Amino acid sequence: MAVRIERIQNDIERINKFNATPEKGITRLTFSEQYQGAIGYVTDELKYIGAKISYCPGGNIKASLAGSDDNGPAVMMGSHLDTVMHGGRFDGVVGVVSALEAARIIVEEKIAHRRPIDIVVFAEEEGARFNWGLLGSSIWTGKLDLTRLSAIKDTDGVTYAEAMVRAGFEVSDASLLEPQKLRAMLEVHIEQGAVLEKRGYRIGLVEAIAGIQHLDITIIGRADHAGTTPMDDRSDALQAAARIITAVEEIAQKIGSNTVATIGRIACEPGQANVIPGRVKFSLDVRNPNKAILDSTVAAINQAVNDICGKRHLGFEIIPLDTAPPVSLSNEILDLMVEKTRERHVEPLRMISGAGHDSALLADVTETGMIFVPSKKGRSHCPQEFTRLEDIGLGCELLLSTVVALAASSG
Ligand SMILES: [Zn+2]
């Protein structure tokens with residue numbers, strides 16, 4: 001069951017020819033002309049090997065290889081083909097071409113499988129066109145109601161439902177993804193971080209996908225003259241914010257256990273060189289794969305804000321924004337993938353995904369596993385994104401052997 005690297009390379013090149021921003025990274029927004037071109041290439045390749053193509057709710061695509069027991073639940077594999085603006089050549093594409101190549105090998109080598117094997121392409125994973133990430137998988141798993149597609153619009157005011165129709169996308173299988181229809185879901189993806197490269201691993205196996213809590217924090221002080229107000233008579237919101245920002249890093253480091261906390265945006269008012277800052281507002285992004293640790297990190301940061309502002313007699317406001325719960329992936333699939341990786345004399349790294357993925361939404365529907373391949377210097381969502389072909393080939397082989405084992409077994 002050796003996968004053909006040159007075929008994977010050709011797939012990646014062919015898909016990335018469909019690009020709205022040549023010379024400036026890859027831009028392939030959901031249902032755009034470029035997106036439909038890439039989908040056309042992949043579905044043609046899948047039709048060629050005899051897969052039955054279905055257009056599914058939310059703009060997702062499924063290509064099925066019938067098993068000897070066609071009523072049984074299917075083993076699913078795939079990823080996405082949409083990109084961010086000026087993104088890279090590998091994010092999403094690697095998972096789709098790995099599934100495509102694995103399917104080709106199964107057909108060419110006539111590998112027996114009892115269960116149906118489905119190759120899937122999720123729509124609008126990045127949320128770059130409709131500002132709603134994981135939209136296709138949210139609809140397909142029933143987590144977001146189909147009727148919402150008439151309200152979600154792109155920046156030109158085109159609704160998701162209209163864009164689907166304009167792209168000639170007609171739903172041919174209206175059923176949602178349900179537990180009884182699936183045996184497992186597997187996704188190969190680039191790591192989008194530098195952990196594998198730095199630690200010298202070629203394969204990462206994802207144990208859990210981090211939960212995320214977003215907050216907005218505002219520190220309320222008093223704007224005064226920078227020259228006439230003595231140092232001990234100030235209500236400087238930025239001085240307090242600076243100490244809170246330092247505390248956030250210390251708290252995340254102290255809690256450890258994969259905790260990450262980021263202040264990515266800050267605004268200072270009135271924002272003049274000769275005025276003491278009266279109001280500072282900043283964002284906070286906290287992530288952890290464990291809900292209890294995520295909650296206690298947020299609580300510790302709240303306490304730090306309270307203490308620092310209290311000491312300085314400043315007001316503050318903490319507004320919790322959107323949150324995504326952490327997701328544990330399947331231990332059964334993880335153990336199987338560890339075994340399959342070691343069969344290739346490669347040691348995998350068990351790891352956490354700090355980024356969200358469609359697979360996170362599948363994890364409560366079926367046994368779900370993710371395979372990470374290294375990203376050079378951790379770069380992603382940019383033209384510099386790069387993953388070595390031999391690592392993609394290894395990820396594809398691991399996907400293939402895991403899917404074949406799951407599709408053949410009677411369990
Ligand atoms: Zn992706």
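Helix H9 (residues 331-343) is made up of 13 residues and reaches 18 Å from its first C-alpha to its last, close to the 18 Å expected at 1.5 Å a residue. The expected span of a helix is defined as 1.5 Å times one less than its number of residues. Helices (H or I, at least four residues) and strands (E, at least two) are DSSP runs, numbered from the N terminus.

The structure is a predicted model, in which local features need pLDDT of at least 70 and side-chain atom pairs count only at pLDDT 80 or more, while totals for chains, interfaces and linings use all residues. Residues are numbered from 1 along each chain as its sequence is written.

**Helix H9 and its surroundings**

The buried residues of H9 are Ile333, Leu334, Leu336, Met337, Lys340 and Thr341. They cover an arc of only 165° around the axis, which puts them on the same side of H9. The arc is that of the directions from the helix axis to the C-beta atoms. A residue counts as buried if 20 or more other C-beta atoms lie within 10 Å of its own, as exposed if 12 or fewer do, and as partly exposed in between, with C-beta atoms placed from the backbone. On the other side of H9, the exposed residues are Asn331, Asp335, Arg342 and Glu343.

The buried residues of H9 pack against strand S5 (182-190), strand S6 (204-209), strand S14 (367-373) and H11. Two residues are in contact if their C-beta atoms, placed from the backbone, lie within 7 Å. After H9 comes His345, whose phi is positive, near 60°.

**Domains and cores**

The protein is divided into domain 1 (5-209 + 326-408) and domain 2 (211-324). These bounds come from an automatic or database domain assignment. The centres of domain 1 and domain 2, taken over C-alpha atoms, are separated by 38 Å. Six residues from domain 1 and ten residues from domain 2 form the contact. On the side of domain 1 that touches domain 2 there are four nonpolar, two polar and no charged residues. Here Ala, Val, Leu, Ile, Met, Phe, Trp, Tyr, Cys and Pro count as nonpolar, Asp, Glu, Lys and Arg as charged, and the others, Gly among them, as polar.

The largest nonpolar core has 90 residues, of which Ala102, Ala103, Ile119, Ile371, Leu399 and Val403 touch the most other members. Helix H11 (residues 389-408) supplies the largest share of this core, ten residues. A nonpolar core is a set of buried Ala, Val, Leu, Ile, Met, Phe, Trp, Tyr and Cys residues joined through C-beta atoms within 7 Å. Not counting residues up to four places away in sequence, Ile371 touches Val188, Ile203, Leu205, Met337, Gly395, Leu398 and Leu399. A second, separate core of 22 residues includes Ile217, Ala241, Ala300 and Val305.

**Helices H1 and H7**

At 1.5 Å a residue, the twelve residues of helix H1 (residues 5-16) should span 16 Å, and its end C-alpha atoms are 17 Å apart, which agrees. Ile8, Asp11 and Ile15 of H1 are buried. They cover an arc of only 55° around the axis, which puts them on the same side of H1. The exposed residues Glu6, Asn10 and Glu13 lie on the face of H1 turned away from its buried side. The buried residues of H1 pack against helix H2 (33-48), helix H3 (93-108) and H11.

Helix H7 (residues 237-255) has 19 residues and a reach of 27 Å from first C-alpha to last, close to the 27 Å expected at 1.5 Å a residue. Its buried residues are Ala237, Ala240, Ala241, Ile244, Val248, Ile251 and Ala252. They cover an arc of only 110° around the axis, which puts them on the same side of H7. The face turned away from the buried side of H7 carries the exposed residues Thr246, Glu249, Glu250, Gln253 and Lys254. Strand S7 (211-220), strand S8 (260-262), strand S10 (279-288) and helix H8 (291-311) are included in what covers the buried residues of H7. Just after H7, Gly256 takes a positive phi of about 60°.

**Backbone features in loops**

Two residues that are not glycines have a positive phi, as tabulated below.

| Residue | Phi | Loop | Other C-beta atoms within 10 Å |
|---|---|---|---|
| Asn258 | about 70° | between H7 and S8 | 18, partly exposed |
| Lys377 | about 55° | between S14 and H11 | 13, partly exposed |

The peptide bond from Glu269 to Pro270 is cis, with omega near 0°. Pro270 is placed in the loop between strand S9 (266-269) and S10.
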